[in-house]
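Visitor: I've never looked at this one before. Could you walk me through it?

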Amino acid sequence: MNPNNLSVETIDDKQFHQLGSNLLQSIEVALEAADDELDLDLDVERQGGNVITIRFRDKSVIVVNTQPPLHEIWVAAKSGGYHYRWSGTLAKPLWLDTKTGKELLSDLTDFASVQAGQAVKIGLLNP
């Protein structure tokens, strides 16, 4: 249950694909902009359409991928592995960690900032 939004919209596979694609594109755009602005020496690579691998200067990695059968987004970072489940509406997308209830982009911003050694901000593009 999402205390911030009690009316979670159910999504179908097509909507999950669209939301996941927008999320991954948002992550790519934000990290490329941060790399240009802060000279982070990041390598952001999309693999197979549903996986992003982010390599940092210190050789650490973050992997973000969609899990279509589960309608989840999985993140592997230096600090561990995380699963985020759909908890939003189409108008207000939201992915929450299945264990902690924390929001995906907030967590990813924290993970990337730690691994980059500088503050990095990751937000969602307008679809």
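Visitor: Which residue just after α1 takes a positive phi?
Guide: Keep in mind that this is a predicted model. Helix α1 covers residues 13-38. Just past its end, phi takes a positive value of about 50°, and the residue there is Asp 39.

Visitor: How far does α1 reach from its first C-alpha to its last?
Guide: The helix has 26 residues. At 1.5 Å a residue you'd expect 38 Å, and the model comes close to that. The reach is 37 Å.

Visitor: And at the start of α1, which residue's backbone nitrogen does a side-chain oxygen of Asp 12 reach?
Guide: Look at the beginning of the helix, where the Asp 12 side chain sits. One of its oxygens comes to within 3.2 Å of a backbone nitrogen. That nitrogen belongs to Lys 14.

Visitor: What about the sheet: in what order do its six strands sit?
Guide: It's an open sheet with antiparallel pairing. Two strands, β1 (43-47) and β6 (95-97), are at the edges, each pairing on one side only. On average, neighbouring strands are turned by 20° against each other, ignoring direction. The order is β1-β2-β3-β4-β5-β6.

Visitor: At about what angle does α1 run to β1?
Guide: The helix lies across β1, β2, β3, β4, β5 and β6. Taking β1 as the reference strand, the angle is about 160°.

Visitor: Which residue in β2 is the bridge partner of Gln 47?
Guide: Start with the pair of strands: β1 and β2 run antiparallel and are joined by five bridges. β2 spans residues 51-55. The partner of Gln 47 there is Val 51.

Visitor: Thr 53 is in β2 too, so is it buried or exposed?
Guide: Leaving aside neighbours within four places in sequence, Thr 53 is in contact with several residues, including Val 44, Val 61 and Ile 62. Its side chain also makes a polar contact with the side chain of Gln 47, at 2.8 Å. Relative accessibility is 4%, so Thr 53 counts as buried.

Visitor: How many residues lie between β3 and β4 in their hairpin?
Guide: These two strands pair in the antiparallel sense over five bridges. One of the bridges matches Gln 67 with Glu 72 in β4. The turn includes His 71, with its positive phi of about 55°. The number of residues between the strands is four.

Visitor: Is His 71 buried or exposed?
Guide: His 71 is found in the loop between β3 and β4, and it has a positive phi although it is not a glycine. The cut-off for buried is under 20% relative accessible area. His 71 has 15% relative accessibility, so it counts as buried.

Visitor: And Lys 59, is that buried or exposed?
Guide: Here's another positive phi in a residue other than glycine, near 75°. Lys 59 is found in the loop between β2 and β3. Its relative accessible area is 72%, so Lys 59 is exposed.

Visitor: Which residue in β5 does Trp 74 stand opposite?
Guide: β4 and β5 run antiparallel, joined by six bridges. A hairpin of two residues connects them. Across from Trp 74 in β5 stands His 83.

Visitor: Which residue in helix α1 meets Arg 46 in a salt bridge?
Guide: The structure holds five salt bridges, and in this one the nitrogen-to-oxygen distance is 2.8 Å. Arg 46 lies in strand β1 and its partner in helix α1, so the pair ties together parts that are 18 residues apart in sequence. Arg 46 counts as partly exposed at 29% relative accessibility, whereas its partner counts as buried at 16%. That partner is Glu 28.

Visitor: Which residue meets Lys 78 in a salt bridge?
Guide: Lys 78 is exposed, with a relative accessible area of 59%. It lies in the loop between β4 and β5, and its partner in the loop between β2 and β3, so the pair ties together parts that are 20 residues apart in sequence. The distance is 3.5 Å, N to O, and the partner is Asp 58.

Visitor: Last one: how far apart, N to O, are Arg 57 and Asp 41 in their salt bridge?
Guide: Arg 57 is in the loop between β2 and β3 and Asp 41 in the loop between α1 and β1, 16 residues apart. Arg 57 is partly exposed at 47%, and Asp 41 counts as partly exposed at 46%. The distance between their side chains, N to O, is 4.0 Å.

Key:
Residues are numbered from 1 along each chain as its sequence is written. This is a predicted model: local features need pLDDT of at least 70, side-chain atom pairs count only at pLDDT 80 or more; totals for chains, interfaces and linings use all residues. Side-chain values use heavy atoms; hydrogens and water are left out. Two strands pair if DSSP finds at least two bridges between them. Axes are lines fitted to C-alpha atoms, for helices over the stretch in contact, and angles run from 0 to 180 degrees between N-to-C directions. Contact means heavy atoms within 4.5 Å. The expected span of a helix is 1.5 Å times one less than its number of residues. A polar contact is a pair of N or O atoms within 3.5 Å; within protein, one must be able to donate a hydrogen and the other to accept it, and residues adjacent in sequence count only if both atoms are side-chain atoms. Buried means under 20% relative accessible area, exposed over 50%, partly exposed in between (1.4 Å probe, protein chains only).
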